[in-house]
Amino acid sequence: MTVTLPDTIATPAYVLDEAALKRNLATAARIKRETGCKILLATKAFAFPAAFPLMRETLDGTTASGEYEARLGFEEFGKEVHVYSPAYTEAEIESLVGLAQHIYFNSPEQIRRYLPIVRSKRGIKIGLRINPGYSNATLGGPLYDPCAPYSRFGATRDTLDDVPWDEVEILHTHALCEARDVGSVGLITHVAQNFAPYIHKVKAVNFGGGHFINKPGYNVDKLIAAINDFRAQFGVEVVLEPGAGLVVDTGYLISSVLDLHHNEKDIAILDASASTHMPDVLEVPYTPSVVGAAEPGVLAHSYILGGKTCMTGDIIGEYSFAQPLRPGDRIVFTDMMQYSFVKNNTFNGVPLPSMVVLREDGSHHVVQSFGYQDFRRRLG
Ligand SMILES: *Cc1c(COP(=O)(O)O)cnc(C)c1O
């Protein structure tokens, strides 16, 4: 993979590549055009207001995991705001009725409890998340499978006759994670086969996120055919709300080598860290790709790349490079837009990477940089 990033960007920095984001949005535009479905951005994966003007041209709105993301969608994205949470507080619902037009509940009980507040405001559509009992998680096993045993997500099949269906307009299922077309089509088919009586009670079905539509190897034609079949069978509107699938491979985390160390193996210490800047590396876990690097032992010089925190496990991975690394060298991690900065933290007082947009003409714009106050404020 080749990438030209300006040397003048101070590290560490998350860099959104606008040209790559446009390519991904074109996939979403095509799915919308050929199926008539709606596509929302799940801000959980990528809450980056600087990218919203571009995304707003294609997408129908945002979906939130709670009040603050809903407010972000309402204030910064515009268009439709959808929200789902496994459980709402009363205060949250009171605020959400002013921000979201689509509120999804996790159970018939939550609908009943909050119905008076929701109906105090006109025009809000109520959704119910069901647990479809469909497992096809590509990533991370049970940790990322919303239908894993004892999952807290979604009303189970045996509670569905208890639902106040007259109040419910949208059936919601979120069951996938980094799924290829097999998973997307499998979920749609499974819901059609197993939940038809309930689909007939609603106006729309939201098939959640986890559709990895821009990952090489994802057959978008098959998703389009499945949505069209589903719409033809039930006559309902279809909504998708991907996060990762919209921003996969659209940006980088650029870091610098601070120093080199040796303890049986060569070790490079970076100004980026797995613990603080890319927690998914430890949580999933996985080894991110580095521009110009290969697996250890493939190229002449192998290194363990580690962060500058004092946590022993703050190891990003083991790589090899054609040339020996030196302090000041830049290390560019790819595919660092999804679930990266939204999860970062200031553990150890490590500085947060700045947020940068790389424009199509090669120029860049530092949207935000962070300092001591961002660490201090959260300590009370
Ligand atoms: C996480 C989540 C999404 C987005 O998932 P991606 O894997 O990023 O596409 C969408 N809807 C719900 C309800 C979610 O929890």
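Domain bounds here come from an automatic or database domain assignment.

**View 1. Two domains make up the division of this chain.** Domain 1 covers 36-247, and domain 2 covers 251-336 + 344-377. Their C-alpha centres lie 33 Å apart. This is a predicted model: local features need pLDDT of at least 70, side-chain atom pairs count only at pLDDT 80 or more, and totals for chains, interfaces and linings use all residues. Residues are numbered from 1 along each chain as its sequence is written, and side-chain values use heavy atoms, with hydrogens and water left out.

**View 2. Domain 1 meets domain 2.** Here 7 residues of domain 1 contact 8 residues of domain 2 (contact: heavy atoms within 4.5 Å). The buried area is about 540 Å², with 65% from carbon and sulfur atoms. Buried area is the accessible area (1.4 Å probe) that two parts lose on being put together, summed over both. On the domain 1 side, Phe-48, Ala-50 and Tyr-144 lose the most area to domain 2, together 62% of what that side buries.

**View 3. The ligand sits among 13 surrounding residues.** A residue counts if one of its heavy atoms lies within 4 Å of the ligand. The closest are Lys-44, Gly-210, Glu-241, Gly-243 and Tyr-339.

**View 4. Ligand oxygen atoms pair with Lys-44, Gly-243 and Ala-244.** The Lys-44 side chain places an N or O atom 2.8 Å from a ligand oxygen. For Gly-243, a backbone N or O atom is 2.9 Å from a ligand oxygen. A polar backbone atom of Ala-244 is also 2.9 Å from an oxygen atom of the ligand.

Conventions: Polar contact = N/O pair within 3.5 Å; in protein donor to acceptor, adjacent residues only side chain to side chain.
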